[in-house]
Each structure stands twice: as C-alpha cells, then as structure tokens.
Amino acid sequence: QVQLVESGGGLVQAGGSLRLSCAASGSIFSVMAWYRQAPGKQRELVAAIGAGGSTNTADSVKGRFTISRDNAKKTVYLQMDSLKPEDTAVYYCMARSIAPLDYGKDYWGKGTLVTVSS
C-alpha cells in the first residue's frame, strides 16, 4: 500500500524559512513533486524532481524554493526560503509510481499547511 507522509509545515514570518519532507513507501517512484493550494485557488505545481535529479520549478518560487530527493529513503524535500505571505497554502506531496501493477499512477499526501505572516 502506497503512503506519502508529509511533515515540516507550520507558521513562519515573512522572510523566514521552512523545510518540508515527504516520505513515500509501498512502490517505486519516478517523478516526485510538491503542489500547493491556497484558499479559493486551484492546486498548482511548485516543483518537481525526476529520479535522476532533474528539476522543474515554478517561476513564482524560483530562486527561493529548492526541491531535492533522497532515493534511498524515497523522500522528497522542499527547502523554502525568503517566504512571502502569498506562499501561504496547503502543500501536497505527489509521487508517480513505476511499479508494474500501477505504472504511471500518481499518489498524493494529505497535505501540510504553511502559513506565512506579514
């Protein structure tokens, strides 16, 4: 059974930093990513990372957020620096399975709330 467990969210002042972690289990994963959803808005991609380390980062967070992963631990991280109030959202971890039985299926964590105060 696939599980994604996020941690690291919380309340931080503008300009501060947080590090999110997402530990995945139960399959083999290719792309792992972080999405976010602010109140009243659609879920959007924040950053993604392939198994080989290639990354894709949204323009809105480029230069402030860094995605990384530890393949041995099946864990993806999101280092968030210079946080702004507009970064306030629920952050979701996503992992794409490449196991034969569910190849290409995206799994999601339950989300972790990040609140940035001004």
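Is E44 buried, partly exposed or exposed? I looked this up first and found E44 partly exposed, with a relative accessible area of 36%; the classes are buried for under 20% relative accessible area, exposed for over 50% and partly exposed in between, with a 1.4 Å probe and protein chains only.

Before going on, I note that this is a predicted model, in which local features need pLDDT of at least 70 and side-chain atom pairs count only at pLDDT 80 or more, while totals for chains, interfaces and linings use all residues. Residues are numbered from 1 along each chain as its sequence is written, and side-chain values use heavy atoms, with hydrogens and water left out.

**Salt bridges**

I searched the whole structure for salt bridges, taking a side-chain nitrogen of Lys or Arg within 4 Å of a carboxyl oxygen of Asp or Glu, and the search gave five. E44 is joined to R36 through their side chains, at 2.7 Å from N to O, and R36 counts as buried at 7% relative accessibility. I then followed this pair outward and found R36, E44, R64 and D87 linked in a network of salt bridges.

Two further pairs went into the notebook. The side chains of D59 and K62 meet at 3.2 Å, N to O, and D59 counts as exposed at 66% relative accessibility. R96 and D106 form a salt bridge at 2.6 Å, N to O. R96 lies in strand β9 and D106 in strand β10 (residues 106-108), so this pair ties together parts that are ten residues apart in sequence. R96 is partly exposed at 30% relative accessibility, and D106 is partly exposed with a value of 30%.

**Strands around β4**

For the strands I relied on DSSP runs, numbered from the N terminus (E, at least two residues), and I called two strands paired if DSSP finds at least two bridges between them. Strand β4 (residues 29-37) pairs with strand β9 (residues 89-97) in the antiparallel sense, over seven bridges, and within this pairing F29 has S97 of β9 as its bridge partner. β4 is also joined to strand β5 (residues 44-49), again antiparallel, by five bridges, with M32 standing opposite I49 in β5. I checked the hairpin of β4 and β5, which has six residues between the strands, and noted that G40 takes a positive phi near 75 degrees there.

**The four-stranded sheet**

Which strand order does the open sheet of four strands have? I read it as β1-β3-β8-β7, with antiparallel pairing. β1 (3-7) and β7 (65-70) are the edge strands, each pairing on one side only. Between β1 and β3, which run antiparallel, I counted five bridges, and V5 stands opposite A23 in β3.

**The disulfide**

Which cysteines does a disulfide join? Taking a pair of cysteine sulfur atoms within 2.5 Å as the criterion, I found one disulfide in the structure, and C22 and C93 are its partners, with 2.1 Å from S to S. The pair links distant parts of the chain, since C22 belongs to strand β3 (residues 18-25) and C93 to strand β9, 71 residues apart. The torsion about the S-S bond of C22 and C93 is about -80 degrees, so I entered the disulfide as left-handed. Both C22 and C93 are buried.
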